[in-house]
Amino acid sequence: MAERIEGHGGTLALAAAQAYGVRELFTLSGGHIFPLYDAAHAADFPIYDVRHEQTAVFAAEAVAKLQRRPGLAALTAGPGVTNGISGLTSAFFNAAPVLVLGGRAPAFRWGSGSLQEIDHVPLVAPVTKHAATVAATDDVPAAVGAALSAALTPHRGPAFLDLPLEVIFSTAEVTAPTADAVPVVEPDPDEVARAARLIAAADRPVIVAGSDVYAGDAVAALREAAEALQVPVFTNGMGRGSLPPGHPLAFAKARRVAFGRADVVVVVGTPLDFRLSFGDFGAAQVVHVVDAPSQRATHVQPAVSPAGDLRLILSAFADHSGDRADHTGWLADLRAAEEQARARDAVELAAESDPIRPSRIYGELRAVLDPDAVTIGDGGDFVSYAGRYLEPSVPGSWLDPGPYGCLGTGMGYAMGARLTYPDRQVCVLMGDGAAGFSLMDVESLARQKLPVVIVVGNNGIWGLEKHPMRAMYGYDVAADLQPGLRYDEIVGALGGAGETVTKAGDIGPALRRAFDAGVPYLVNVLTDPDDAYPRSSNLA
């Protein structure tokens with residue numbers, strides 16, 4: 001006989017979420033969702049609360065991405081949900097299986113003007129895989145299960161449910177919830193074979209591996225395919241670290257040479273968006289490998305685009321038994337270009353300029369970051385430098401806002417990373433503009449004893465806007481911040497600690513103090529406002 005469970009809507013929702021592997025709840029307190037808190041309290045289920053709802057969703061997104069299982073956020077009705085929409089949208093663009101449970105004004109009085117009465121579903125539907133209102137208490141477990149199944153099915157993404165007051169506060173007895181198996185998307189074997197033949201026969205092939213390689217647990221299969229076919233690998237997003245920096249097929253600095261000369265570019269688990277020239281690699285043929293048919297590019301026509309479980313596709317590439325071209329010379333050419341670029345980088349990483357150049361910060365960070373440190377980017381130009389100079393050694397250790405480019409992810413991502421990895425270094429790389437979005441949530445980290453290191457590249461401007469605007473118009477407006485602002489003192493007032501650095505030689509000791517502090521610690525480095533990131537990609 002099937003096990004039964006009785007309780008209010010909060011108890012039923014939490015039980016269903018736990019069946020799918022959810023292990024914590026991120027939230028900002030609100031009366032519409034009290035039963036969820038009651039259920040968590042009764043079950044001794046961890047609750048982490050924040051100072052802005054978007055931080056709760058960003059924390060759930062970080063857990064979902066790092067641990068490859070659902071993250072859960074609960075937001076109160078009305079402004080609670082709308083404050084979280086940027087987090088939902090970020091999770092949508094980053095294919096993160098996040099479930100947001102929202103409170104909702106009572107259905108029995110709908111239209112009468114209850115507090116925070118608004119229909120959330122039309123607002124969130126465009127940026128979720130599944131969005132619905134739960135109509136009855138005994139429907140709650142099935143509704144949560146359907147939402148999480150949708151979130152976990154490739155191509156992954158967020159889901160949303162709201163629960164009217166009478167639904168979440170009322171009680172019901174139902175069959176105890178269990179999790180449905182996540183379906184495996186089987187690729188078309190003919191498409192896979194065509195792609196494998198094209199890659200193996202190419203004279204100058206290149207692989208670009210993105211976030212879905214990590215999300216789909218396909219890192220080992222990627223390595224097998226690259227090694228079997230002897231193809232150089234570049235990475236972006238959470239694909240970074242899929243091959244460690246010392247691997248003979250791992251490249252980071254020779255991207256322009258590789259894309260300029262390649263005859264086949266294999267893009268795996270990432271869209272053909274602005275980060276990859278919208279899929280235009282000159283005369284090269286493009287193989288676009290995606291985890292679901294919905295992710296095939298529609299703005300360009302790849303030579304072939306296998307869709308399905310990335311492990312199956314990449315393993316089939318590795319097993320290709322047909323003719324293979326010799327890539328020895330191609331790899332040697334790229335390695336030479338890589339080493340030349342590294343030599344140029346070494347000069348920038350050791351720059352002794354006054355004011356400090358952002359590159360010097362990363363030179364110092366490279367000396368103190370552990371191989372398994374989790375690095376988190378939250379900013380514009382300053383984080384672009386992080387992408388250029390930091391090379392994760394292990395997969396699943398890099399978090400950035402992704403193609404949506406939403407600022408304010410930093411503190412939520414830091415919370416999720418610290419909970420995922422209690423014993424690893426967690427370092428947030430933040431522009432001073434981005435600091436304005438989420439720095440108040442240092443209080444949430446300090447109060448809940450979640451130490452992280454925050455490094456602010458403080459140039460007193462919106463660098464990503466100021467420099468291009470001056471180049472376009474000869475002037476800039478709305479692009480200045482207060483120079484020298486003491487973000488470290490803000491963190492100190494919120495329960496953490498920190499310091500301001502004005503000399504390049506002081507960066508390293510400050511970073512070591514930060515990692516030894518045991519509290520949220522902000523290193524506020526004053527950088528050169530005239531230093532502009534040398535951006536070459538077309539963002540639109």
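**Exercise 1. In what sense do β4 and β5 pair, and over how many bridges?**

Before we start, a friendly reminder: the model shown above is predicted.

*Solution.*

Step 1. Look at the two strands side by side. β4 and β5 run parallel to each other, and 5 bridges connect them.

Step 2. Pick one bridge to anchor the picture. Leu75 has Gly102 of β5 as its bridge partner.

Step 3. Turn to another neighbour of β4. Strand β2 (residues 25-27) is joined to β4 by 2 bridges, and this pair is parallel too. Here Thr27 sits opposite Ala74 of β4.

Step 4. Keep the chemistry in mind: strands of a sheet pair through backbone hydrogen bonds, in either a parallel or an antiparallel manner.

**Exercise 2. Work out whether strand β4 is enclosed or open, and do this for both of its faces.**

*Solution.*

Step 1. Recall the cut-off: a residue is buried when its relative accessible area is under 20%.

Step 2. Count along β4 (residues 71-75). Since 5 of the 5 residues are buried, the strand is largely enclosed by the rest of the structure.

Step 3. Sort the residues by side. Gly71, Ala73 and Leu75 belong to one side, Leu72 and Ala74 to the other, and all of them are buried. Both faces of β4 are therefore covered.

**Exercise 3. Describe the surroundings of strand β7, starting from its burial and moving on to its partners.**

*Solution.*

Step 1. Check the burial of β7 (residues 159-164). The strand is mostly covered, with 6 of its 6 residues buried.

Step 2. Follow the side chains. Ala159, Leu161 and Leu163 point one way, while Phe160, Asp162 and Pro164 point the other way, and all are buried.

Step 3. Find a partner strand. Strand β5 (residues 98-104) pairs with β7 in the parallel sense over 6 bridges. In this pairing, Gly103 stands opposite Leu163 of β7.

Step 4. Find another partner. Strand β6 (residues 130-133) also pairs with β7 in the parallel sense, over 4 bridges. His130 has Ala159 of β7 as its bridge partner.

Step 5. Trace the connection. From β6 the chain passes through helix α7 (residues 140-152) and on to β7, forming a right-handed β-α-β crossover.

**Exercise 4. Which strand order does the open sheet of 4 strands have, and which strands lie at its edges?**

*Solution.*

Step 1. Read across the sheet: the order is β10-β9-β11-β12, with parallel pairing.

Step 2. Look for strands that pair on one side only. These edge strands are β10 (233-235) and β12 (285-289).

Step 3. Add the twist. On average, neighbouring strands in this sheet are turned by 20° against each other, with direction ignored.

Step 4. Zoom in on one pair. Strand β9 (residues 205-209) and β10 are parallel and share 3 bridges. Ala209 has Thr235 of β10 as its bridge partner.

**Exercise 5. Classify two helix pairs by their crossing angles.**

*Solution.*

Step 1. Two packed helices are described by the angle between their axes and by the distance between those axes.

Step 2. Take helix α3 (residues 53-67) and helix α17 (residues 410-420). They pack at an angle of about 45°, and their axes are 7 Å apart. That angle makes α3 oblique to α17. Their crossing is right-handed.

Step 3. Take helix α15 (residues 358-368) and helix α22 (residues 507-516). Their axes come within 9 Å and cross at roughly 50°. α15 and α22 are therefore oblique to each other as well, and their crossing is right-handed.

**Exercise 6. How many disulfides does the structure hold, and are Cys406 and Cys427 buried or exposed?**

*Solution.*

Step 1. A disulfide is a covalent bond between the sulfur atoms of two cysteines. The structure holds 0 disulfides.

Step 2. Compare each cysteine with the burial cut-off. Cys406 counts as buried because its relative accessibility is 11%. Cys427 counts as buried because its relative accessibility is 1%.

**Exercise 7. Contrast helix α1 with Arg256 of helix α12.**

*Solution.*

Step 1. Helix α1 (residues 9-19) is mostly covered, with 8 of its 11 residues buried. Among them are Leu12, Leu14 and Ala16. Just after α1, Gly21 takes a positive phi of about 95°.

Step 2. Arg256 lies in helix α12 (residues 255-261). This residue is exposed because its relative accessible area is 65%.

Step 3. Arg256 and Ala337 are 81 residues apart along the chain, and their C-alpha atoms are separated by 9.5 Å.

How values were computed. Residues numbered from 1 in each chain as written. Predicted model: local features only at pLDDT ≥ 70, side-chain atom pairs only at ≥ 80, totals over all residues. Heavy atoms only, no water. Buried < 20%, exposed > 50% of the residue type's maximum accessible area, 1.4 Å probe, protein only. Pairing = 2+ DSSP bridges. Axes fitted to C-alpha atoms, helices over the stretch in contact; angles between N-to-C directions. Disulfide = S-S within 2.5 Å. Right-handed = clockwise from strand over helix to strand, strands pointing away. Parallel < 35°, antiparallel > 145°, perpendicular 65-115°, else oblique. Left-handed = near helix turned anticlockwise from the far one by under 90°.
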